[in-house]
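Visitor: I have just arrived and would like to understand the words people use for a fold like this one. Could you walk me through them?

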Amino acid sequence: MTDTASVADWQAWQRSWDRQQEWYLPDREERFRAMLDAVEALVGPEPRILDLACGTGSISDRALRRFPKAVSTGVDLDPALLTIARGHFTAESRVTFVSADLRDPEWTRRLPHRPYDAVLTATALHWLRSEELTALYGRLAGVLRDGGVFLNADHMPDPATPRINAADHAFHKARQARAREAGTQDWVDWWRTAAEDTALAGPVAERFRIFGNPADGDHADGEVQSADWHARTLRAAGFAEARPVWCSVSDAMVLGLK
């Protein structure tokens, strides 16, 4: 690739990101389908979407293909993933991207729309500590319309089932080892490859400055909570209803209805 990477190059990077994520989440597409089913059921087929911690825009990509009259705002702080997202969607007028830190109390001021019908996020908010996530949930209640939905799909283990959790962990580690032997990239390998690409080297270096190098363990400050914790916290933040609407052994998706 060159510094003037083509749309096709950025689309290839997004596909590469999806494959790397699927190494951790083999049921990732099922989660996206269940998420968009809930959006259509609760707010209809023309949603105004806030794609929270959007990364390369995986949720927006699927939402805009499913809902031709949808619009989406992607928000993230990662300059490398936003570079891929903007390149991938360069010809798509229905989506815009905003660089913002979700820990900043004023980040919602940067949004181009208000209110939103749906706020969607996946495999991202475990980067935040519990008190940061609690504050974020309160702010999200303020950007959704009445009757709007929030959906968070993430790692939400149940501490009450330690033997089930351990068996699931061992099963997935064995599956991942087989995939690695077949050449699948993990998180660290993907970022190493991205850093070597001339079109991404600058944004990746900036990303490492903000979050640290993945090789050094850049999830160190985040925390995970159970699906029940997320539902209780959403209700306390002002959502009228909240509960899990999808789950695997270790992951879940919680829906909050404004």
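Guide: What follows is a short conversation about the helices, the sheet and two unusual backbone spots in this predicted model.

Visitor: Let us begin with two helices. Why are α1 and α7 called roughly antiparallel?

Guide: Helix α1 covers residues 7-24 and helix α7 covers residues 187-195, and the angle between them is about 165°. An angle over 145 degrees counts as roughly antiparallel, so α1 and α7 earn that description. Their axes lie 10 Å apart, and α1 passes α7 in a right-handed crossing.

Visitor: Which residues make that contact?

Guide: From α1 come Trp13, Ser16, Trp17, Gln20, Gln21 and Tyr24, while α7 brings Trp187, Trp190, Trp191, Thr193 and Ala194. Sorted by class, the contact of α1 with α7 has seven nonpolar, four polar and no charged residues.

Visitor: What makes α1 oblique to α4?

Guide: Again, look at the angle. Helix α4 spans residues 79-88, and α1 packs against α4 at about 125°, with the axes 8 Å apart. Roughly perpendicular runs from 65 to 115 degrees, and roughly antiparallel needs over 145. The angle of about 125° fits neither range, and therefore α1 is oblique to α4. The crossing of α1 past α4 is left-handed.

Visitor: Which residues of α1 and α4 meet there?

Guide: On the α1 side they are Val7, Trp10, Gln11, Trp13, Gln14 and Trp17, and on the α4 side Leu81, Thr83, Ile84, Gly87 and His88. By class, this contact of α1 with α4 has six nonpolar, five polar and no charged residues. Trp13 and Trp17 of α1 appear here, and both are also listed in the contact with α7.

Visitor: What makes α5 oblique to α9?

Guide: The axes of α5 and helix α9 (residues 227-236) come within 9 Å and cross at roughly 45°. Roughly parallel needs an angle under 35 degrees, and roughly perpendicular starts at 65. Roughly 45° falls between those limits, so α5 is oblique to α9. Their crossing is right-handed.

Visitor: Which residues of α5 and α9 meet?

Guide: Ser130, Leu133, Thr134 and Tyr137 of α5 meet Trp229, His230, Thr233 and Leu234 of α9. The classes in the contact of α5 with α9 are four nonpolar, four polar and no charged.

Visitor: Now the sheet. What is the order of the strands?

Guide: Seven strands form an open sheet with mixed pairing, in the order β3-β2-β1-β4-β5-β7-β6.

Visitor: What makes β3 and β6 the edge strands?

Guide: β3 (95-99) and β6 (241-247) each pair on one side only. From one strand to the next, the twist averages 20°.

Visitor: How do you know that β4 and β5 pair?

Guide: Two strands count as paired when there are at least two bridges between them. Strand β4 (residues 116-122) is joined to β5 by six bridges, and the two run parallel, so the requirement of at least two is met. At this pairing, valine 119 stands opposite phenylalanine 150 in β5. Between these strands in the fold comes helix α5 (residues 130-141): β4, α5 and β5 make a right-handed β-α-β unit.

Visitor: How does β5 pair with β7?

Guide: Strand β5 (residues 144-155) and strand β7 (residues 251-257) pair in the antiparallel sense over seven bridges. Valine 149 stands opposite leucine 257 in β7, and the bridge partner of asparagine 152 is valine 254.

Visitor: What joins β6 to β7?

Guide: A hairpin does, through three residues. β6 and β7 pair in the antiparallel sense over six bridges, and proline 244 stands opposite valine 254 in β7. Valine 254 is thus named opposite proline 244 and as the partner of asparagine 152.

Visitor: You promised unusual backbone spots. What makes the phi of alanine 53 worth a mention?

Guide: Most residues other than glycine have a negative phi. Alanine 53 has a positive phi of about 50° although it is not a glycine. Alanine 53 lies in the loop between β1 (48-52) and α3 (58-66).

Visitor: Why is the peptide bond from arginine 114 to proline 115 called cis?

Guide: Its omega is near 0°. Most peptide bonds are trans. Proline 115 is found in the loop between β3 and β4.

Note on methods. Residues numbered from 1 in each chain as written. Predicted model: local features only at pLDDT ≥ 70, side-chain atom pairs only at ≥ 80, totals over all residues. Heavy atoms only, no water. Axes fitted to C-alpha atoms, helices over the stretch in contact; angles between N-to-C directions. Helix = DSSP H or I, 4+ residues; strand = E, 2+ residues; numbered from the N terminus. Left-handed = near helix turned anticlockwise from the far one by under 90°. Contact = heavy atoms within 4.5 Å. Nonpolar A, V, L, I, M, F, W, Y, C, P; charged D, E, K, R; others polar. Right-handed = clockwise from strand over helix to strand, strands pointing away.
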